[in-house]
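Trainee: I am new to this structure and would love a close look at a single part of it. Could you walk me through the place where two helices meet, and through the residues around it?

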Amino acid sequence: MATSKFIEANKRIEEGVVGGYKKIEEGVVSGYKKIEEGAVEGFNKISDKFVDKFLTKEGETVEDAKKRMNEEIEAMK
């Protein structure tokens, strides 16, 4: 069965629209992920500096201080 020119044209239009949508979707999602990673990274840097400045004990690393604080929180529950 022969396909009409309209069906073929509609198929090409469909492929173009779907392809364009996927490119836009990928661009938006990748942009969002970059922003999210930057925000989380920035928060973690600020959090680490705060813990280092105000919550660490003598000779304690930031990771050790965070672990100690989490253990203290769990013990209080």
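Mentor: Happily; what follows is a walk through the helix contact, then the loop, and then some residues along the helices. Please keep in mind from the start that this is a predicted model.

Let us begin with the two helices themselves. Two packed helices are described by the angle between their axes and the distance between the axes. Here, helix H1 covers residues 5–55 and helix H2 covers residues 62–76. Their axes come within 9 Å and cross at roughly 80 degrees. An angle from 65 to 115 degrees counts as roughly perpendicular, so H1 is roughly perpendicular to H2.

Which residues of H1 and H2 make the contact? On the H1 side they are Ser47, Asp48, Val51, Asp52 and Leu55. On the H2 side, look for Val62, Ala65, Lys66, Arg68 and Met69. Sorted by class, the contact holds five nonpolar residues, one polar residue and four charged ones.

One of the contact residues, aspartate 52 of H1, deserves a pause. Aspartate 52 is partly exposed, at 46% relative accessibility. Try finding its C-alpha atom and that of valine 62: they are separated by 5.6 Å, with the two residues ten apart along the chain.

Now move to the loop between H1 and H2, where glutamate 60 has its place. Is glutamate 60 buried or exposed? Its relative accessibility is 19%, and the cut-off for buried is under 20%, so glutamate 60 counts as buried. The side chain of glutamate 60 reaches the backbone nitrogen of lysine 57 at 2.9 Å. Leaving aside residues up to four places away in sequence, glutamate 60 touches Leu55, Ala65 and Arg68.

That last neighbour is a good next stop. Arginine 68 belongs to helix H2 and, with a relative accessibility of 18%, counts as buried. With residues up to four places away in sequence again left out, arginine 68 touches Leu55, Thr56, Lys57 and Glu60. Leu55 is thus touched by glutamate 60 and by arginine 68.

Next, look at the rings in H1. A pair of aromatic rings is described by the distance of the centres and the angle of the planes. The count comes to one aromatic pair. Its partners are phenylalanine 50 and phenylalanine 54, with ring centres 5.1 Å apart and planes at 45 degrees, so the pair is tilted. The two phenylalanines are four residues apart in helix H1, which means that about one helical turn separates them. Phenylalanine 50 is partly exposed, at a relative accessible area of 46%, whereas phenylalanine 54 is exposed, at 56%.

Finally, two distances will help you find your way along the chain. Lysine 33 is in helix H1 and is partly exposed, with a relative accessible area of 47%. Its C-alpha atom and that of glycine 16 are separated by 26 Å, and the two residues are 17 apart along the chain. Asparagine 70 sits in helix H2 and is partly exposed, with a relative accessible area of 48%. Between the C-alpha atoms of asparagine 70 and valine 17 there are 51 Å, and these residues are 53 apart along the chain.

Note on methods
Residues are numbered from 1 along each chain as its sequence is written. This is a predicted model: local features need pLDDT of at least 70, side-chain atom pairs count only at pLDDT 80 or more; totals for chains, interfaces and linings use all residues. Side-chain values use heavy atoms; hydrogens and water are left out. Axes are lines fitted to C-alpha atoms, for helices over the stretch in contact, and angles run from 0 to 180 degrees between N-to-C directions. Angles under 35 degrees count as roughly parallel, over 145 as roughly antiparallel, 65 to 115 as roughly perpendicular and the rest as oblique. Contact means heavy atoms within 4.5 Å. Ala, Val, Leu, Ile, Met, Phe, Trp, Tyr, Cys and Pro count as nonpolar, Asp, Glu, Lys and Arg as charged, and the others, Gly among them, as polar. Rings of Phe, Tyr and Trp (its six-membered ring) pair if their centres lie within 6.5 Å; planes under 30 degrees apart count as stacked, over 60 as edge-to-face and the rest as tilted. Buried means under 20% relative accessible area, exposed over 50%, partly exposed in between (1.4 Å probe, protein chains only). A polar contact is a pair of N or O atoms within 3.5 Å; within protein, one must be able to donate a hydrogen and the other to accept it, and residues adjacent in sequence count only if both atoms are side-chain atoms.
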